[in-house]
Amino acid sequence: MNKPVIKIENLVKRYKDLIALDHFSIEIKEGEIFGLLGPNGSGKTTAINCMLSLLSFDKGIIEIFGKKMSPDSYDLKRQIGIVMQNVAVFDTLTVYENIDYFCGLYVKDKTLRKEYVEEAISFVELQQFRKFYPKKLSGGLLRRLNIACGIAHKPKLIILDEPTVAVDPQSRNKILEGIVELNKKGATIIYTSHYMEEVEQICTRIAIMDSGKNIAVGTSDELKRLIKKSEKIMVEISSLSEEDIRNIRELPHVYDVDYTNYQLNIQCSGGRHNLVHILEYLQQHTISFGRVYSELPTLNDVFLEITGKELRDHA
């Protein structure tokens, strides 16, 4: 069984009357890509800053790699890479010089550092931009430089906070592929994002935070099983009687029916053959219909039902 890389128990952080973290607990195991989701103000950034000992806290325990984390835990901090949402590079240094500088904070051996910097440049595919200054880079390339600066020293734990905000689709795909590759090479990753499809695509487990608490944790499939909705079915129908709507509402596993603008929307809870039952009803009652859609619940559905809030990109 994989060992815990991060273990947080009953973490409390107050700002005067505001409780930013309310007995927050979480355990992240070695080799995971762990998604951390939450609406604005839920405590994600505070939790990350406490993990890194950038913030003091009122109560609780934080252990990283089995050791208690503190501001002077430099042996632990050398094993951590941080890529925050706001790009943090030096405008007066080239791509190569930026990566070399940040790598040099952890790796003093010049020969080894040069090797690491070259690997990082190759990893984020910035070879042809190595002599460019940041102001000459596009948003996507700048994000990739930011990642290279955070991972060049080969950390065992990487924290990525909104690494794909405001980048083009091609750069986003490159970044996501890179994250998966880092994980395959042995890094444990904490990943925060406002893009649910990204989290669903790459994360092995996900925690949903709200009001400073960890309110749900599990794989994407496990989280989807926590909510009522299991399937949404949409059918285009030119005419449907009130009696038929009532009858469809009585079908197994149907819990909500809406017929508006010639579209029948049916929410189902549980059941494996909901679409079959609905189409059978329509055919048996000679109700003609057009296109049919079936959607399984998404991570966004889970988030909305659990928190009652929209997760918006606020970059």
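At the start of H6, which side-chain oxygen reaches to within 3.2 Å of the backbone nitrogen of Gln-170? I would like to open with that question, and to say straight away that what we are looking at is a predicted model. The oxygen belongs to Asp-168, whose side chain comes to within 3.2 Å of that backbone nitrogen where helix H6 starts.

Let me stay with this helix for a while. H6 runs over residues 169–184, and its 16 residues reach 23 Å from the first C-alpha to the last, which is close to the 22 Å expected at 1.5 Å a residue. After the helix comes Gly-186, and the phi of Gly-186 is positive, near 115 degrees.

Now to its sides. Ser-171, Arg-172, Ile-175, Leu-176, Gly-178, Ile-179, Leu-182 and Asn-183 are the buried residues of H6. Because these residues cover an arc of only 160 degrees around the axis, they lie on the same side of H6. Pro-169, Gln-170, Glu-177 and Lys-184, on the other side of the helix, are exposed, so that Gln-170, whose backbone nitrogen we met a moment ago, counts among the exposed residues because its relative accessible area is over 50%. As for what the buried residues of H6 pack against, the partners are strands E3 (33–37), E7 (157–161) and E8 (188–192), together with helices H4 (110–123), H5 (139–151) and H7 (196–202).

Two of those partners, E7 and E8, deserve a closer look. In E7, five of the five residues are buried; Leu-157, Ile-159 and Asp-161 point one way from the strand, while Ile-158 and Leu-160 point the other way, and all are buried. E7 pairs in the parallel sense with strand E6 (residues 80–83) over four bridges, with Gly-81 standing opposite Ile-158. E7 also runs parallel to E8, to which five bridges join it, and there Leu-160 stands opposite Tyr-191.

That last residue takes us to the interior. Which residues touch the most other members of the largest nonpolar core? In this core of 45 residues they are Ile-99, Ile-179, Ile-189 and Tyr-191, and of these you will recognise Ile-179 from the buried side of H6. H5 contributes the largest share of the core, six residues. Apart from this core lies another one, of 25 residues, including Ile-8, Leu-36, Ala-47 and Met-51. As a general remark, nonpolar side chains in soluble globular proteins tend to be buried together.

Let me move to the beginning of the chain. There, four strands form an open sheet in the order E2-E1-E4-E5, with antiparallel pairing, and its edge strands, each pairing on one side only, are E2 (18–29) and E5 (67–68). Within this sheet, E1 (residues 4–15) and E4 (residues 59–64) pair in the antiparallel sense over five bridges, and Val-12 stands opposite Lys-59 in E4.

In the segment before E1 we find Asn-2, which counts as partly exposed because its relative accessibility is 44%. What does the side chain of Asn-2 reach at 2.7 Å? It is the backbone oxygen of Glu-30. Not counting residues up to four places away in sequence, Asn-2 touches Lys-29 and Glu-30, and the C-alpha atoms of Asn-2 and Gly-31, although 29 residues apart along the chain, are separated by 7.5 Å.

As a second single residue I have chosen Glu-231, in strand E11 (residues 231–236). Is Glu-231 buried or exposed? It is buried, because its relative accessible area is 10%, which is under the 20% cut-off. The side chain of Glu-231 makes a polar contact with the side chain of Ser-294, at 2.5 Å. Beyond its neighbours within four places in sequence, Glu-231 is in contact with a list of residues that includes Ile-266, Cys-268, Asn-274, Leu-275 and Pro-297, as well as Ser-294 itself.

Finally, the overall picture. The protein has 11 helices and 14 strands, and its C-alpha atoms fill a box of roughly 80 × 50 × 40 Å along the principal axes. Of its 315 residues, 47% count as buried. Among contacts with a separation of 6 or more, 67% are between residues 24 or more positions apart.

Conventions:
Residues numbered from 1 in each chain as written. Predicted model: local features only at pLDDT ≥ 70, side-chain atom pairs only at ≥ 80, totals over all residues. Heavy atoms only, no water. Helix = DSSP H or I, 4+ residues; strand = E, 2+ residues; numbered from the N terminus. Expected span 1.5 Å × (residues − 1). Buried < 20%, exposed > 50% of the residue type's maximum accessible area, 1.4 Å probe, protein only. Arc of directions from axis to C-beta. Contact = heavy atoms within 4.5 Å. Polar contact = N/O pair within 3.5 Å; in protein donor to acceptor, adjacent residues only side chain to side chain. Core = buried A, V, L, I, M, F, W, Y, C linked by side-chain atoms within 4.5 Å. Pairing = 2+ DSSP bridges.
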